[in-house]
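This report goes through selected local features of one protein model and then turns to its main pocket. The sequence and structure come first.

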Amino acid sequence: MNKSSLGFKPIPMLIAIALAVAIILIPTPDGVTPQAWNLLALFVGVIAAIIGKAMPIGAISIIAITLVAVTGITVSDGKADAAMKDALSSFANPLIWLIGVSIMISRGLLKTGLGARIGYIFIAIFGKKTLGIGYSLALSELILAPVTPSNTARGGAIMHPIMRSIAESYDSNPAKNTQDKMGKYLALVNYHSNPISSAMFITATAPNPMVVNLIAESLGSEFRLSWSQWALAMLVPGLVAFILMPLVLYFLYPPTIKHTPNAVQFAKDKLAEMGKMSRDETIMLAIFGILLACWAGVPELLFGFKIDATATAFIGLCLLLLSGVLTWADVTSEKSAWDTIVWFSALIMMATFLNKLGLIEWFSNSLETSISGLGLSGMMAGLLLLVAYMYAHYMFASTTAHITAMFGAFLTAGIALGAPPMFFALLMAAASSLMMTLTHYATGTSPVIFGSGFTTLPEWWKAGFVMSVVNLLVFVIIGGAWWKVLGYW
């Protein structure tokens, strides 16, 4: 059989299977049930297959769901129907549908051109200097983030073409070896806006609802963060990080062209080409406003009528369908949304049952025991775990795989060691997006922007490490003070 005719990559798949089998063959540790240990083996195999890209993540997830159902690994009585219900249980999770439907809604930003228009408007206002263009890109990213759960679509499909057009209008092009004029700087701002904006809203990147779910499982359901609570918590540190980021990158890789009066005219010309806002853009903008108002709790504040965050997303999608801005064909063709619903459901299902079967508690206790011997205070122990969690992303090409594998155990261990629960949980939540800064394979946006050739690999990694330190300090210090004001710890 030809290698090309297989539905998977043989070597990564064999490695994933070998890891799963190796764990099964290891004697079950004290304090762990055989059932939990076998599920861990399956989980590690799935994560390894995702990291190795043995198959598309959705396909791997379908296999995982099937194995859970067939093996009955989550049930003690061996009932096949109960195992099947467990395997499909997370498809009813509202947070999964919040992200899936929001991705469908974000298609409207691309289809109508509203996303590009927002970017050009800011450049027309602030684009007289290269630094101003950088801030325009960052501000546009921030504005689009609440309704664009695909950070790859936001940074790669909407903002990156705008950034390239501006750079090339000043003859800053990697093909001509002129990227230093401004393209290198703008490409890095384009990228590093992405992790910060992803940290600021539950709906800004797909794995955030998983983080909310894991925090609730670790701290109790009373700590389940709402959309508005998350946004309020991340608002101040996120804005400070956005203010600092273009300046830090400007210092690291200063563009040789610093004054760009033509960029304002370039943006105005693009806006002129687009013409007046179309009917569909106007409707998209209005629905954008409705979504933000409902997610922020305005109906409850004004009328005492609370609307669930996921229900809000469905309302937005219904309005787009009723108005004709999106068609059902648009919705069904939004493959990333349906793909996300499938893989999200599979990973959350396995993570949930690892927790229910006591594996996460066992692992976090082991982690706690090894760190407690260092004699650190609860706060310092928590920060040590935070740093270890964040920089472990050098080994991951998927934020989802990283979060699923490590978040729950590290959060539980940190709290057990005495770190303030909500302070530590919010830092871990922020780090789950900020870790995207590190490498050229850290998330889907990075290969898109790195692949455009404006930076070398050493330049990308240097900028990533520096920004990771700056962002982490901002969220620890500024974020910690802000959360203290809010009474979160």
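Asn-38 is partly exposed, its relative accessible area being 32%. The residue belongs to helix α2. Its C-alpha atom is separated by 7.8 Å from that of Ile-23, and the two residues are 15 apart along the chain. The model is a predicted one.

**Contrasts in exposure**

Two further helix residues can be set beside Asn-38. Gly-155 lies in helix α8 and is buried, because its relative accessible area of 0% falls under the 20% cut-off for that class. The C-alpha atoms of Gly-155 and Leu-188 are 11 Å apart, with their positions 33 residues apart in the numbering. Val-474 is part of helix α23; this residue is buried too, with a relative accessible area of 6%. The pair Val-474 and Ala-241 is 233 residues apart in sequence, while the C-alpha to C-alpha distance is 6.5 Å.

The table lists the relative accessible area of these residues together with that of a loop residue, Asp-171.

| Residue | Relative accessible area | Class |
|---|---|---|
| Asn-38 | 32% | partly exposed |
| Gly-155 | 0% | buried |
| Val-474 | 6% | buried |
| Asp-171 | 30% | partly exposed |

**Backbone: positive phi**

Which loop holds Asp-171? It is the loop between α8 and α9, where α9 covers residues 183-200. Asp-171 is not a glycine, yet its phi is positive, at about 60 degrees. Lys-53 is likewise a non-glycine residue with a positive phi, here about 55 degrees. The loop that carries Lys-53 joins α2 and α3.

Glycines with positive phi come after two of the helices. Gly-358 follows α17 and has a phi near 90 degrees. Gly-487 follows α23, with a phi near 80 degrees.

**Helix geometry**

Helix α17 has 22 residues, which should span 32 Å at 1.5 Å a residue; the end C-alpha atoms are 32 Å apart, so the two values agree. Helix α23 runs over residues 457-486 and has 30 residues. From its first C-alpha to its last, α23 reaches 41 Å, close to the expected 44 Å. Where is the kink in α23 centred? The kink is centred on Gly-479 and amounts to about 30 degrees.

**The largest pocket**

The largest pocket holds about 690 Å³ of space. Its lining consists of 29 residues, and those nearest the centre are Ile-57, Thr-152, Trp-343, Thr-443 and Gly-444. By class, 16 lining residues are nonpolar, 11 are polar and 2 are charged.

Five helices each supply at least two lining residues: α2 (34-51), α3 (57-71), α8 (151-169), α17 (335-356) and α20 (399-416). Helix α17 gives the largest share of the lining, 4 residues.

Why does the largest pocket lie between domain 1 and domain 2? Both domains give residues to the lining, so the pocket lies between them. Domain 1 is made up of 7-92 + 337-357, and domain 2 of 95-210 + 225-335.

Terms used. Residues are numbered from 1 along each chain as its sequence is written. This is a predicted model: local features need pLDDT of at least 70, side-chain atom pairs count only at pLDDT 80 or more; totals for chains, interfaces and linings use all residues. Side-chain values use heavy atoms; hydrogens and water are left out. On a 1 Å grid over the protein atoms alone, a cavity is a set of points where a 1.4 Å probe fits but cannot get out, and a pocket is an open set with protein on both sides within 12 Å along at least five of seven lines; lining residues have an atom within 4 Å of a point. Grid points are joined across faces, edges and corners, and a volume is the space filled by probe spheres set on the points. Ala, Val, Leu, Ile, Met, Phe, Trp, Tyr, Cys and Pro count as nonpolar, Asp, Glu, Lys and Arg as charged, and the others, Gly among them, as polar. Domain bounds come from an automatic or database domain assignment. The expected span of a helix is 1.5 Å times one less than its number of residues. The bend at a residue is the angle between axes fitted to the seven residues ending there and the seven starting there. Buried means under 20% relative accessible area, exposed over 50%, partly exposed in between (1.4 Å probe, protein chains only).
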